[in-house]
Amino acid sequence: MTTPLPSWPPRRTDRRTTAPYVAVPRESADPARTGRRWVRRRARGMTAEAAAAALDIARFDARQNSRFEDSALDERGRAELGEWERIARLLAEAAPGTVYDPDTDDVVRAELAADAAVAAAREAELREAMRIAARADELQALRELGALDQAEPREGDEAIRDELTRRAGGYVQDDLDTWLARALATHRGHYQDPTAREAAAGLLTPPVLAHAALLTELLRLVPDTGVHELAFAARLAATEPEAAGDLAAALTRARPDR
């Protein structure tokens with residue numbers, strides 16, 4: 001039994017990934033950060049004298065380890081020694097009787113703020129990945145029902161186009177491109193906003209933009225024509241996007257209101 005071909009004619013692009021989800025990179029382990037945090041936990045409550053003693057021990061350990069090539073290259077060990085030196089210096093410059101508290105350490109607080117910002121950005125990235133995946137599933141279901149043209153474009157659908165193309169192993173989704181071009185030309189959905197139409201110029205491929213531009217001028221030229229009657233514009237834009245763009249520009253210049 002032969003497998004039926006997809007209903008939309010595929011064209012190959014340079015995209016090769018086929019995973020059905022949007023991957024979010026994981027944070028890699030940082031030995032130096034682990035070492036600094038370990039030192040801070042040990043140093044909590046230490047006086048200047050105790051920190052100086054701990055620093056002496058850390059220096060001794062570093063000298064001992066330096067005799068072994070692998071240990072000499074230990075990133076965590078170097079970070080721990082550097083942190084003991086910083087904390088000992090901090091306490092030596094502080095008022096007598098001061099004990100170390102990571103919660104009031106400006107360096108630690110700055111690192112925590114930076115970590116929070118990174119975590120927030122990662123969370124936003126994950127939410128966006130989930131939104132893209134859900135919207136891609138929705139549009140895929142509509143196309144399988146033959147109802148894609150009934151969908152109203154939303155902000156961010158340009159990224160959905162890329163996601164569906166990626167899922168298809170790099171094959172351009174002609175029906176999706178046609179849907180976007182028609183929506184852009186007729187100002188459907190979020191393309192009613194001029195700002196969204198301007199942004200689309202940097203988010204969509206040249207064939208889609210050329211198709212939309214040509215449709216716009218043809219619909220102005222023959223207002224009573226429906227976009228479905230102008231299917232040739234999609235074929236021209238797909239095969240000769242530069243020529244389609246040039247034709248749209250020529251029609252624009254030929255308008256009597258210009």
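Is Glu155 buried or exposed in this predicted model? With a relative accessible area of 68%, Glu155 is exposed, and the legends below place this residue and others in their surroundings.

**Figure 1. Overview of the predicted model.**
The secondary structure of this predicted protein comprises eleven helices and two strands. Read from the N terminus, the elements follow the order β-α-α-α-α-α-α-β-α-α-α-α-α. The protein has 258 residues, of which 33% are buried. Among contacts with a separation of 6 or more, 73% join residues 24 or more positions apart. The accessible surface is about 16,000 Å², and carbon and sulfur atoms supply 56% of that surface. The average pLDDT of the protein is 85, with 86% of the residues scoring at least 70. Over residues 1–25, however, pLDDT stays under 50. For that stretch the model has 48 contacts beyond four places in sequence.

**Figure 2. Close-up of Glu155 in the loop between helix 5 and helix 6.**
Glu155 counts as exposed because its relative accessible area of 68% is over 50%. Leaving aside residues up to four places away in sequence, Glu155 touches Arg131 and His190. Glu155 and Ala200 are separated by 45 residues in sequence, while their C-alpha atoms are 10.0 Å apart in space.

**Figure 3. Close-up of Gln173 between strand 2 and helix 7.**
Gln173 lies in the loop that joins strand 2 (171–172) to helix 7 (174–186). At a relative accessible area of 2%, Gln173 is buried, since the cut-off for a buried residue is under 20%. The side chain of Gln173 reaches the backbone oxygen of Tyr171 at 2.3 Å.

**Figure 4. Close-up of helix 7 and its surroundings.**
Helix 7 consists of 13 residues and spans 18 Å from its first C-alpha to its last, close to the 18 Å expected at 1.5 Å a residue. Eleven of the 13 residues are buried, so helix 7 is largely enclosed by the rest of the structure. The buried residues of helix 7 include Asp174, Asp177 and Arg182, as well as Leu176, Trp179, Leu180 and Leu184.

**Figure 5. Close-up of His187, just after helix 7.**
His187 is located in the loop between helix 7 and helix 8. Its phi is positive, at about 60°, although His187 is not a glycine. Most residues other than glycine have a negative phi. The relative accessibility of His187 is 35%, so this residue counts as partly exposed.

**Figure 6. Close-up of the largest nonpolar core.**
In soluble globular proteins, nonpolar side chains tend to be buried together. The largest nonpolar core of this model contains 19 residues, and those with the most contacts inside it are Leu139, Trp179, Tyr191 and Leu204. Two or more residues are contributed by each of helix 5 (106–144), helix 6 (157–167), helix 7, helix 8 (194–200) and helix 9 (206–221). Helix 7 provides the largest share, six residues. Leu204 touches Glu158, Arg161, Leu180, Leu184, Tyr191 and Leu209, not counting residues up to four places away in sequence. Apart from this core lies another, of 14 residues, among them Ala51, Ala54, Ala58 and Leu91.

Notes. Residues are numbered from 1 along each chain as its sequence is written. This is a predicted model: local features need pLDDT of at least 70, side-chain atom pairs count only at pLDDT 80 or more; totals for chains, interfaces and linings use all residues. Side-chain values use heavy atoms; hydrogens and water are left out. Helices (H or I, at least four residues) and strands (E, at least two) are DSSP runs, numbered from the N terminus. Buried means under 20% relative accessible area, exposed over 50%, partly exposed in between (1.4 Å probe, protein chains only). A polar contact is a pair of N or O atoms within 3.5 Å; within protein, one must be able to donate a hydrogen and the other to accept it, and residues adjacent in sequence count only if both atoms are side-chain atoms. A nonpolar core is a set of buried Ala, Val, Leu, Ile, Met, Phe, Trp, Tyr and Cys residues joined through side-chain atoms within 4.5 Å. Contact means heavy atoms within 4.5 Å. pLDDT is the predictor's confidence in each residue, from 0 to 100. Accessible areas come from the Shrake-Rupley method with a 1.4 Å probe; for residues, only the protein chains shown count as cover. The expected span of a helix is 1.5 Å times one less than its number of residues.
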